[in-house]
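Here are some worked exercises to go through with the model open on your screen. Try each task yourself before reading the solution.

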Amino acid sequence: MVVEDDPDISVVVSGILREAGFGIHAFDQGQAGVDAVNRHMPEVVVVDLGLPDIDGFEVTRRIRTFSNAYVLILTASSQELDTILALEAGADDYLTKPFRARELRYRVEALLRRPRLRTDTPHLTASSLMLAAAPEPDPAAEAPDGPESLAHNGLRLNVSTRTVSVGGAEVRGLTASEFELLHTILVNGRVVQSKEDLAQSMRGGVEDLDRAPDEQVIQVHIANLRRKLGDSAAKPRWIETVHGFGYRLAAPVEPED
């Protein structure tokens with residue numbers, strides 16, 4: 001899905017992706033794009049920030065209430081604040097205009113290399129972006145079901161269903177990027193992962209020769225992940241910051257007597 005009001009840019013973006021083998025739906029209004037995402041449920045949505053009715057930030061926020069599609073933001077601004085706001089709204093990546101055809105294809109293909117979140121659940125609601133109300137503690141929450149289940153301090157991540165739960169309550173609203181970051185941190189345990197390591201894991205392990213890893217992108221994704229999990233940077237239960245190096249899994253919490 002391409003949501004871009006400049007007809008020239010829309011034609012170029014659509015043409016580049018169509019040549020790469022993608023089916024394309026294009027819209028020049030933000031709300032029309034949101035409605036179309038709800039109808040067609042595309043794999044990837046390319047959204048321009050400067051739309052005539054609602055801006056790309058709001059388009060992304062509305063898409064995130066019901067879809068786990070990958071969102072790539074197009075922006076003519078190189079301001080860091082715009083990048084941060086786009087990622088906080090739920091975007092997975094961004095691309096600054098002007099861009100090369102090869103770079104756009106790379107960004108979309110890199111997104112598609114990331115594992116998808118579970119797609120067999122009902123549409124998300126706005127309130128589901130927060131942690132669901134916790135049920136009674138699950139005594140088996142710390143016992144992984146097998147190699148596809150990772151558990152730590154009451155959190156469980158299931159690779160096969162692409163779900164995360166805390167104390168038995170499913171955490172909804174995680175983007176594919178946030179899920180992949182959490183999975184990487186859980187797999188590596190107490191081994192520190194640099195922002196470059198985490199950026200590469202989100203790209204499926206493929207080196208990006210055109211653009212250095214954007215540390216700000218990783219920082220914003222980590223902040224969003226902490227917020228949705230209810231974690232604290234000051235007293236981490238799952239994601240610990242190692243200043244000057246990166247991130248690692250927080251130490252195990254001793255069960256209370």
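## Exercise 1: A salt bridge within a helix

The side chains of Glu-58 and Arg-62 meet in a salt bridge, with N to O at 2.8 Å. Task: work out where Glu-58 and Arg-62 sit relative to each other in the helix, and how exposed Glu-58 is.

Solution, step by step.

- Start with the ground rules. This is a predicted model, where local features need pLDDT of at least 70, side-chain atom pairs count only at pLDDT 80 or more, and totals for chains, interfaces and linings use all residues. Residues are numbered from 1 along each chain as its sequence is written, and side-chain values use heavy atoms, with hydrogens and water left out.
- Next, the criterion: a salt bridge is a side-chain nitrogen of Lys or Arg within 4 Å of a carboxyl oxygen of Asp or Glu. By this rule the count comes to 10 salt bridges.
- Now find the pair. Both residues are in helix H3 (residues 56–64), and because Glu-58 and Arg-62 are 4 residues apart there, about one helical turn separates them. Helices here are DSSP runs of H or I with at least four residues, strands are runs of E with at least two, and numbering goes from the N terminus.
- Finally, check exposure. Buried means under 20% relative accessible area, exposed means over 50%, and partly exposed is in between (1.4 Å probe, protein chains only). Glu-58 comes out partly exposed at 23%, and Arg-62 is partly exposed at 30%.

## Exercise 2: One Glu, two Arg partners

Task: which residues form salt bridges with Glu-240, and which parts of the chain does the pair with Arg-190 tie together?

Solution, step by step.

- Look at Arg-190 to begin with: its side chain meets that of Glu-240 in a salt bridge (2.7 Å, N to O).
- Place the two residues. Arg-190 lies in the loop between helix H6 (176–188) and strand S10 (193–194), while Glu-240 belongs to strand S11 (residues 239–242), so the pair ties together parts that are 50 residues apart in sequence.
- Then add the other partner. Glu-240 also forms a salt bridge with Arg-248, where the closest N and O atoms are 3.1 Å apart.
- Compare with the accessibility cut-offs. Glu-240 counts as buried at 18%, whereas Arg-190 is partly exposed at 37% and Arg-248 is partly exposed at 22%.

## Exercise 3: The surroundings of Glu-4

Task: is Glu-4 buried or exposed, and what does its side chain reach?

Solution, step by step.

- Locate the residue: Glu-4 lies in the loop between strand S1 (2–3) and helix H1 (7–19).
- At 2% relative accessibility, Glu-4 is buried.
- Check its polar contacts (pairs of N or O atoms within 3.5 Å; within protein, one must be able to donate a hydrogen and the other to accept it, and residues adjacent in sequence count only if both atoms are side-chain atoms). The Glu-4 side chain reaches the backbone nitrogen of Asp-6 at 2.9 Å, and a polar contact of 3.1 Å joins the side chains of Glu-4 and Lys-97.
- Put Glu-4 in its network: salt bridges link Glu-4, Asp-48 and Lys-97.
- List its wider company. Contact means heavy atoms within 4.5 Å. Leaving aside neighbours within four places in sequence, Glu-4 is in contact with residues including Ile-9, Phe-27, Leu-51 and Leu-74.

## Exercise 4: Sheet order

Task: in what order do the 5 strands of the parallel sheet run, and which stand at the edges?

Solution, step by step.

- Two strands pair if DSSP finds at least two bridges between them.
- The order of this open sheet is S2-S1-S3-S4-S5, with parallel pairing. Strand S2 (26–27) and strand S5 (93–96) stand at the edges with a single partner strand each, so one side of each has no neighbour in the sheet.
- Zoom in on one pairing: strand S4 (residues 70–75) and S5 pair in the parallel sense over 4 bridges. Leu-74 has Leu-95 in S5 as its bridge partner.

## Exercise 5: How far to trust it

Task: over which residues is the pLDDT below 50?

Solution, step by step.

- pLDDT is the predictor's confidence in each residue, from 0 to 100. The protein averages 80, and 81% of the residues score at least 70.
- The pLDDT is below 50 over residues 118–146, a stretch with 54 contacts in the model beyond near neighbours in sequence. It is also below 50 over residues 209–213, where there are 10 such contacts.
- Where pLDDT is low, the predicted coordinates should not be read in detail.
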